[in-house]
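Visitor: I should like to understand how the terms applied to this model follow from their definitions. Please show me the structure before we begin.

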Amino acid sequence: DGWDTTSVVKQVVTVPVNGLGQARYIMTQTGAIEVSVVEKDTTVIVPGSTVVITDAADNEVYRGVTDDAVINVPDLPVGNYEITVTAPDTGYEESGKADIVVTPVEVTAGHTTEKEVELNPLGSLTVTVVDKDNTSVVVPGVKVTVKDSNGDEVGSGITNNDGQVVIKDLPVGTYTAEYTDFAAGSTSAQV
């Protein structure tokens, strides 16, 4: 309804004989903040993100961890707030890095201010090396280097017995895989 009281909700009032009793409530206009932490360019909620909301005086008014729902913080006095989001420990480009801060977030009377924070999911790339002349034959022991679209190396490894190497924790994007060393006895391969 957009109002809250800063007074005691239940007051005992004494009315004197032939007199007038009085109860006084101090009302404050309120609103709400709704925070969703999602994977970039989707509506998929990111569980395990810590969300902290502070008011203009830097007082913490909410702290919680996302599950599979949007966080709704009702009955906030009208004013400006700051939202700080800490990404889960793994799985996102922002994991283990500085917090994401959204400011200012204005709360107005009777309204819900919606804020969405996007995290960049990480993926993995599996590279399989096969014999150039017989692609059904995998080649173990080949060094593979993976580079991003800028040509910077983002990972490398040696193919296992299945001819594969897995490069983990890569941001969504386009990559180039190159082999640099052959296994003993191999003369040709393709990635």
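Visitor: How many bridges join strand E10 to E13, and what makes them a pair?

Guide: In this predicted model, local features need pLDDT of at least 70 and side-chain atom pairs count only at pLDDT 80 or more, while totals for chains, interfaces and linings use all residues. Residues are numbered from 1 along each chain as its sequence is written, and side-chain values use heavy atoms, with hydrogens and water left out. Strand E10 (residues 143-147) is joined to E13 by 5 bridges, and the two run antiparallel. Two strands pair if DSSP finds at least two bridges between them, so the term applies. A strand here is a DSSP run of E with at least two residues, numbered from the N terminus. Val146 stands opposite Ala177 in E13.

Visitor: Why do strands E11 and E13 stand at the edges of the sheet?

Guide: The open sheet has 3 strands in the order E11-E10-E13, with antiparallel pairing. Strand E11 (153-158) and strand E13 (176-181) each have a single partner strand, so one side of each is left without a neighbour in the sheet.

Visitor: What makes the link between Glu178 and Lys147 a salt bridge?

Guide: A salt bridge requires a side-chain nitrogen of Lys or Arg within 4 Å of a carboxyl oxygen of Asp or Glu. The side chains of Glu178 and Lys147 meet at 3.7 Å, N to O, so the criterion is met. Glu178 lies in strand E13 and Lys147 in strand E10, so the pair ties together parts that are 31 residues apart in sequence.

Visitor: How many salt bridges does the structure hold?

Guide: The structure holds 2 salt bridges. One of them links Arg63 with Glu60, the closest N and O atoms being 3.1 Å apart.

Visitor: Why is Arg63 called exposed, and Glu60 partly exposed?

Guide: Buried means under 20% relative accessible area, exposed over 50%, and partly exposed in between (1.4 Å probe, protein chains only). Arg63 has 52%, so it counts as exposed; Glu60 has 45% and is therefore partly exposed.

Visitor: Is Thr54 buried or exposed, and what does Thr54 contact?

Guide: Thr54, found in strand E3 (residues 50-55), has 11% relative accessibility and so counts as buried. Leaving aside neighbours within four places in sequence, Thr54 is in contact (heavy atoms within 4.5 Å) with Asn59, Glu60, Val61, Tyr81 and Glu82.

Visitor: How far apart are Lys40 and Asn120 in sequence and in space?

Guide: Lys40 and Asn120 are 80 residues apart in sequence and 5.4 Å apart in space, C-alpha to C-alpha. Lys40 touches Asn120, among other residues.

Notes:
Helix = DSSP H or I, 4+ residues; strand = E, 2+ residues; numbered from the N terminus.
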